[in-house]
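Me: Hi! I have a structure open here and would like to talk it through with you. Could we start with the ligand and then wander around a bit?

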Amino acid sequence: MQRLTRFDAEALDDSDPLTRWRSEFDLDGPGPIYLDGNSLGRPPAAVRRALSEGAEAWASELVGGWSHWIDLPLTVGDRLGRLLGAGPGQVAVCDSTTVNLYKLAYAAVASLPGRTSIVGDAADFPTDRYVLEGIASTFGRELRLVEGDLAEGLDARVLAKAVDASTALVCLSHVNYRSAARLDLPAVTEIAHRHGALTLWDLCHSGGALPIGLDEAGADLAVGCTYKYLNSGPGAPGYLYVNRALQGKLLQPVWGWFGQRDQFAMAPGYDPADGIRAYLAGSPPILGLMAVDAAVGVTEAAGVDKLWTKSQALTALLVRLVEERLRPLGARLASPASPDRRGAHVSVAHADAWRWCRALIDRRLVIPDFRVPDVIRLGPAPLYTTFAECFDAIERMEAVLTGGLSDDPPGAMPRVP
Ligand SMILES: Cc1ncc(COP(=O)(O)O)c(C=O)c1O
């Protein structure tokens, strides 16, 4: 097979139906190539507008604004839910992913008191493992963290062996943060249900990036963030999904006034509201919610199916370029080889990955990110990343390795790598 050329990448850009969305992002000027949309998405113009309009609304409406801001967690939740394949009344935008994970994992484990184990992924994002560790400790449950291949992800058959009649909860990331290994969400949900366990999905790396179909899969619970592929801004609120069939049966542990049936009655005891509202806790971050609303509007208008189609083409291009240009220089693919098992980013492992990543950033060539121990993640965002940028990024990565990294001091790992 002939090596890919820049001309091939440009041809893909020429037939890309999503090119017009690039103008929604302020991308003038040469600058480094941004390939970190899987960590923090770029700001769409609509989101910048929403944030400044939000600040104006705060100044003009003052406390009166709460009369219509108060329901934003649920109205924005319904809108976001459509992107996740969730019918209305099942998604709320609130708190961080970590806090939502805690609320739902706690509620799930408490709802099945006779069951003694919780199943997770040993290679999952730290917050997921830590939250499960804390909940297992609180309830005196056994935490079974299943080991898988770091690049290929969990093997469904190995996972299936860890789930049995003692399992209360199976809590996994749909797409792994380091490798982008993607689990078959309906199939794993089915395995859990066969044993009477509940599922809790972390959608941080799939929400807004690919079609998920939560209702269709019969998923029980899910959480995710809005600052990666959904471009809502640093620290924008997360979201949670509780299948309608479980609402009212699962009691979350943070008994705050936003989950109270009659919030302003200031009643002496806690009486949870009906429906998804019961999973709220305290005052929602209104400016963040306005950003999420606008950002979801952008993804909705572009179409998540189209975004996923382009994303798969972008990552396929990257994978081929990694094989052609970086493997001969000692790098290797650290994501699943099969597109059927991959999410929306591509990881590359190299013995000197940290220094390589620093050189790319310090020399203003490419902005990827580094994950311990030896992985550089390349996260193209189909709303604004071009195929030519992916080609150029790999060429720059190749040039840095070819030129040698020896002049770049390894540097101590900063607080944020
Ligand atoms: C898969 C996954 N889960 C959870 C989190 C934590 O999210 P937060 O810090 O918003 O709680 C992240 C953050 O990047 C993540 O990638």
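**Around the ligand**

Me: What classes of residue make up the shell around the ligand, and how many of each are there?
Reply: By class, the shell around the ligand contains three nonpolar, six polar and three charged residues. Please keep in mind that this is a predicted model.

Me: Thanks! And which residues surround the ligand?
Reply: Going along the chain, the ligand is surrounded by Ser-96, Thr-97, Thr-98, Phe-125, Thr-127, Asp-128, Ser-173, Asp-202, Cys-204, His-205, Tyr-227 and Lys-228.

Me: What does Thr-98 do with an oxygen atom of the ligand?
Reply: A polar side-chain atom of Thr-98 sits 2.5 Å from an oxygen atom of the ligand. With Thr-97 it is a polar backbone atom, 3.4 Å from a ligand oxygen. For a ligand nitrogen, look at Asp-202: a polar side-chain atom of that residue lies 2.6 Å from a nitrogen atom of the ligand.

Me: How much of the ligand's accessible area does the protein cover?
Reply: The ligand on its own has 400 Å² of accessible area, and the protein covers 83% of that.

Me: Which elements give two or more residues to that shell?
Reply: Those are α5 (97–111) and α6 (126–139).

Me: Back to Thr-97 for a second. Where is Thr-97 found, and what is Thr-97 in contact with?
Reply: Thr-97 is part of helix α5. Setting aside neighbours within four places in sequence, Thr-97 contacts Asp-202, Cys-204, Val-223, Gly-224, Cys-225 and Gly-238. Asp-202 and Cys-204 also belong to the residues surrounding the ligand.

Me: Is Thr-97 buried or exposed?
Reply: Thr-97 counts as buried because its relative accessibility is 8%, and the cut-off for buried is under 20%.

**Cysteines**

Me: New topic: how many disulfides does the structure hold?
Reply: Zero disulfides. Cys-171, for one, is in no disulfide, and the nearest cysteine sulfur, in Cys-204, is 11 Å away.

Me: Why is there no bond between Cys-225 and Cys-204?
Reply: Because the sulfur of Cys-225 is 3.7 Å from the one in Cys-204, its closest cysteine sulfur, and that is too far for a bond. A disulfide needs the two sulfur atoms within 2.5 Å.

Me: Are Cys-171 and Cys-225 buried or exposed?
Reply: Cys-171 counts as buried, at 1% relative accessibility. Cys-225 counts as buried too, at 2%.

**Some helix residues**

Me: Let's move to helix α11. Where does Glu-324 fit in, and what does Glu-324 touch?
Reply: Helix α11 spans residues 304–326, and Glu-324 is found in it. Not counting residues up to four places away in sequence, Glu-324 touches Gln-2, Arg-3 and Leu-4. Glu-324 counts as buried because its relative accessibility is 16%, with the cut-off at under 20%.

Me: And Thr-315, what is Thr-315 in contact with?
Reply: Thr-315 also has its place in helix α11. Apart from neighbours within four places in sequence, the contacts of Thr-315 are Arg-342, Gly-343, Ala-344, His-345, Val-346 and Pro-380. Thr-315 is buried, with a relative accessible area of 2%.

Me: How about Glu-10: which side chain does Glu-10 make a polar contact with?
Reply: The side chain of Glu-10 is joined to that of Arg-6 by a polar contact of 2.5 Å. Glu-10 is found in helix α1 (residues 6–14). Glu-10 is partly exposed, with a relative accessible area of 31%.

Me: What separates the C-alpha atoms of Glu-10 and Arg-141?
Reply: They are separated by 54 Å, and the two residues are 131 places apart along the chain.

**Backbone oddments**

Me: Last bit, the backbone. Which residues does a cis peptide bond join?
Reply: Val-372 and Pro-373, with omega at about 0 degrees. Pro-373 has its place in the loop between β12 (369–371) and β13 (375–378).

Me: What is phi of Asp-95 near, and where is the place of Asp-95?
Reply: Phi of Asp-95 is near 50 degrees, a positive value in a residue other than glycine. You'll find Asp-95 in the loop between β2 (91–93) and α5. At 27% relative accessibility, Asp-95 counts as partly exposed.

Me: And Ala-180, is Ala-180 buried or exposed?
Reply: Ala-180 is buried, with a relative accessible area of 0%. Ala-180 has a positive phi of about 70 degrees, although it is not a glycine. The loop between β5 (167–173) and α8 (185–194) is the place to look for Ala-180.

Notes:
Residues are numbered from 1 along each chain as its sequence is written. This is a predicted model: local features need pLDDT of at least 70, side-chain atom pairs count only at pLDDT 80 or more; totals for chains, interfaces and linings use all residues. Side-chain values use heavy atoms; hydrogens and water are left out. A residue is near a molecule or strand if one of its heavy atoms lies within 4 Å of it. A polar contact is a pair of N or O atoms within 3.5 Å; within protein, one must be able to donate a hydrogen and the other to accept it, and residues adjacent in sequence count only if both atoms are side-chain atoms. Accessible areas come from the Shrake-Rupley method with a 1.4 Å probe; for residues, only the protein chains shown count as cover. Helices (H or I, at least four residues) and strands (E, at least two) are DSSP runs, numbered from the N terminus. Ala, Val, Leu, Ile, Met, Phe, Trp, Tyr, Cys and Pro count as nonpolar, Asp, Glu, Lys and Arg as charged, and the others, Gly among them, as polar. Buried means under 20% relative accessible area, exposed over 50%, partly exposed in between (1.4 Å probe, protein chains only). Contact means heavy atoms within 4.5 Å.
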